[in-house]
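Trainee: I'd like a close look at one part of this model, please. Pick a good spot, stay with it for a while, and then show me how the rest of the chain fits around it.

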Amino acid sequence: MFRRIRASAVDTAVRVLKEGGMDAIKLEGGAPSRITAAKAIVEAGIAVIGHVGLTPQAISVLGGFRPQGRNIDSAVKVVETAMALQEVGCFSVVLECVPAPVAAATTSALRIPTIGIGAGPFCSGQVLVYHDLLGMMQHPHHAKVTPKFCKQFGQVGDVINKALQEYKEEVTNGSFPGSAHSPYKIGAADMDGFLNELQKLGFNDAASAAAAAAEKIQTS
C-alpha cells in the first residue's frame, strides 16, 4: 500500500510543478500515509512544506474548522507531527490555528522554520490568506499593462500595497499577531500537562519556550 502511495505522491507532485509552475509542494496532515508521501516527494528532489494543526483540506474529518492543540494529547501531537515532517525532509512547516504556546514549543523543537497562521506571534514567520487580509470577496484580475480601452474605476492597487506594507511592518516589529489575534487557548491544566509531556520527551527548550509564550500572551 505504501509503495502505491509513494508512487502516486511523486507522480502528482511532478505534475503540479510542471503544469502549475510551482517551486514546492505543501502537504497537510501527519498521518502515516502523509509522512510516507512527504518522504517520497523529498527523495524525488522536490521541496516539501508540511502543514499541521487545522488542515482545511480535511475539515470533514475534523468536524469543521476547529483549532487543534487545545488539550494535552492534541498539543503533543502537533509537536510530534511537525518533528516527523522535519525528519523526512520538509524544509518548513505551517502551523495553523493552534494556541501560541504550542506553536512556540513546536518552533523551539524544530530545526526548520515554522510559518504561523492563527498560531500566535512565536513562529518563525507569518502568513495570511490574501483575500482575508485585504477584506476581499474574490481575487482581483491583475495585469502588468492596462489596455487603452480599459477604464479604471478605482485604484485598488494603492490600497492593497498600503495594507500589505502595514502587515509586513507589524509582523517584522512583532506587534502582529498579538493576544487579540491569537484566539486559540489551552487551559491551565492542559498547559501544565503539555509542559510535563514535553519534558518527558526531552524537549526541555520547547517546554521553556511554551511557558514563556503563555506568560507573554497572558500579559500582552
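**A loop, a strand and what surrounds them**

Mentor: Let's begin at Cys97, which sits in the loop between β3 and α5 (100-109). Keep in mind as we go that this is a predicted model. The backbone is what makes Cys97 worth a stop: phi is positive there, about 55°, even though the residue is not a glycine. As for the side of the surface it falls on, Cys97 has a relative accessible area of 11%, so it counts as buried, the cut-off being under 20%.

Now step back from the loop into the strand, β3, which covers residues 92-96. Ser92 is part of this strand, and with a relative accessibility of 4% it is buried. Its side chain has a polar partner: one of its polar atoms lies 2.9 Å from the backbone oxygen of Pro113. Setting aside residues up to four places away in sequence, Ser92 touches two stretches of chain, with Val48, Ile49 and Gly50 in one and Ile112, Pro113, Thr114 and Ile115 in the other.

Val93 also belongs to β3, and its relative accessible area is 0%, so it is buried too. Beyond four places in sequence, it contacts Ile49, Gly50, His51 and Val52, then Ala82 and Leu85, and then Leu110, Ile112, Pro113, Thr114 and Ile115. Pro113 turns up again here: its C-alpha is 6.6 Å from that of Val93, although 20 residues separate the two along the chain.

That contact list leads straight into the nonpolar core. The largest one holds 41 residues, and the members touching the most others are Val93, Leu95, Phe194 and Leu198. Helix α4 (residues 72-87) supplies the largest share of this core, with seven residues.

Next, put β3 in its sheet. Five strands make up an open sheet, ordered β1-β2-β3-β4-β5, with parallel pairing. The edges are β1 (25-28) and β5 (125-126), each of which pairs on one side only. In general, strands of a sheet are held together by backbone hydrogen bonds, whether parallel or antiparallel. At the β1 end, the partner is strand β2 (residues 48-53), and the two run parallel over four bridges. Within that pairing, Lys26 stands opposite Ile49 of β2. Ile49 is a name you've met already, as one of the residues that Ser92 touches and one of those in contact with Val93.

Zooming out, the chain has nine helices and five strands. Read along the sequence, they follow α-β-α-β-α-α-β-α-β-β-α-α-α-α. Of the contacts with a separation of 6 or more, 60% join residues 24 or more positions apart. Out of 220 residues, 37% count as buried. The exposed surface comes to about 13000 Å², and carbon and sulfur atoms provide 55% of it.

Let's follow the chain on to another loop, the one between α7 (156-173) and α8 (188-200), where you'll find Pro177. The bond from Phe176 to Pro177 is a cis peptide, with omega at about -5°. Phe176 has a second claim on your attention. A search of the whole structure turns up one aromatic pair. It is formed by Tyr167 and Phe176, whose ring centres are 6.0 Å apart with planes at 70°, so the pair is edge-to-face. Tyr167 and Phe176 are both buried.

The last stop is Ile217, in helix α9 (residues 204-219). At 10% relative accessibility, this residue is buried as well. Its C-alpha and that of Ser179 are 5.4 Å apart, yet the two residues are separated by 38 positions in the chain. Ser179 is also among the contacts of Ile217 beyond four places in sequence, along with Ser182 and Lys185. The other residues on that list are Ala100, Pro121 and Phe122. Ala100 brings us back to where we came in, because α5 spans 100-109 and the loop holding Cys97 lies between β3 and that helix.

Technical notes. Residues numbered from 1 in each chain as written. Predicted model: local features only at pLDDT ≥ 70, side-chain atom pairs only at ≥ 80, totals over all residues. Heavy atoms only, no water. Buried < 20%, exposed > 50% of the residue type's maximum accessible area, 1.4 Å probe, protein only. Contact = heavy atoms within 4.5 Å. Areas by Shrake-Rupley, 256 points an atom, 1.4 Å probe, with all protein chains shown as cover. Polar contact = N/O pair within 3.5 Å; in protein donor to acceptor, adjacent residues only side chain to side chain. Core = buried A, V, L, I, M, F, W, Y, C linked by side-chain atoms within 4.5 Å. Phe/Tyr/Trp six-rings, centres within 6.5 Å; stacked < 30°, edge-to-face > 60°. Pairing = 2+ DSSP bridges.
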